[in-house]
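Student: Please take me closely through the pocket space of this model, with the cut-offs behind each term.

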Amino acid sequence: MSTRILISSLVGAIILFAWQSLSWTVLPVHKYSMKYSPNQEQILDVLSQNLSEEGMYFFPFMDPDNASSEDWQELQSSSAGKPAAMVNYIASYNNNMASSMITGFLLCLIVSIVISLSLSRNDNMGFAGRWFRVMGFAVVIMAFGTMTDKNWWFYPMHFLSGEFIDYTVMFALSGLWFAWYLGRRPA
């Protein structure tokens, strides 16, 4: 990997990671992403008594090993108009921020490497073209990640709106860097 791609990727990763950090800690972007329940202790007690292992649960759901397609159809029709829930159950919460931050930065670095490689392959593109290509990554992530979760798993807009802001802003900011730096002629 060339020094140019490495520098582009490292700075891009720092920009992406910095925005995510600010977005979740200092800025009010995700202030209302999660809903509050005053009954959270009782709900957690019920969950811990009724769920045997960590994982994502959807209610109502069926045992996939013991349900026929007719059972699934019956569940779908009998559940219409009734409450449903998705729970990401964690049996023992461990807020290891160091591990999460390292992983988060590495993910930003991977995305930045892919963007840098993508932009380094076309010298005929101007600044705006490079910036729009970076924004194309944001659109792909929002369409196939965020909107797919809304479409199939009913993620609510109060959660997704912060995600849309994050992807738009962090790719717009990093796109300015990538478009400028990778548009310069190598020394």
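Tutor: What follows describes the pockets and their linings.
The model is predicted, so local features need pLDDT of at least 70 and side-chain atom pairs count only at pLDDT 80 or more, while totals for chains, interfaces and linings use all residues. Residues are numbered from 1 along each chain as its sequence is written, and side-chain values use heavy atoms, with hydrogens and water left out.

The largest pocket (an open set of points on a 1 Å grid over the protein atoms alone where a 1.4 Å probe fits, with protein on both sides within 12 Å along at least five of seven lines) holds about 1,400 Å³, a volume being the space filled by probe spheres set on points joined across faces, edges and corners. Its lining (residues with an atom within 4 Å of a point) comprises 27 residues, and Met34, Lys35, Met86, Val87 and Asn88 lie nearest the centre. At least two lining residues come from each of helix 2 (40-50), strand 1 (55-59), strand 2 (85-89) and helix 6 (157-181), where helices (H or I, at least four residues) and strands (E, at least two) are DSSP runs numbered from the N terminus. By class, 20 of these lining residues are nonpolar, six polar and one charged; Ala, Val, Leu, Ile, Met, Phe, Trp, Tyr, Cys and Pro count as nonpolar, Asp, Glu, Lys and Arg as charged, and the others, Gly among them, as polar.

The second largest pocket has a volume of about 890 Å³, and among its 26 lining residues Phe17, Gln20, Trp24, Ser100 and Gly104 are closest to the centre. Helix 1 (3-25), helix 4 (97-120) and helix 6 each supply at least two residues of this second lining, to which helix 4 gives the most, with eight residues. The second lining divides into 15 nonpolar, nine polar and two charged residues.
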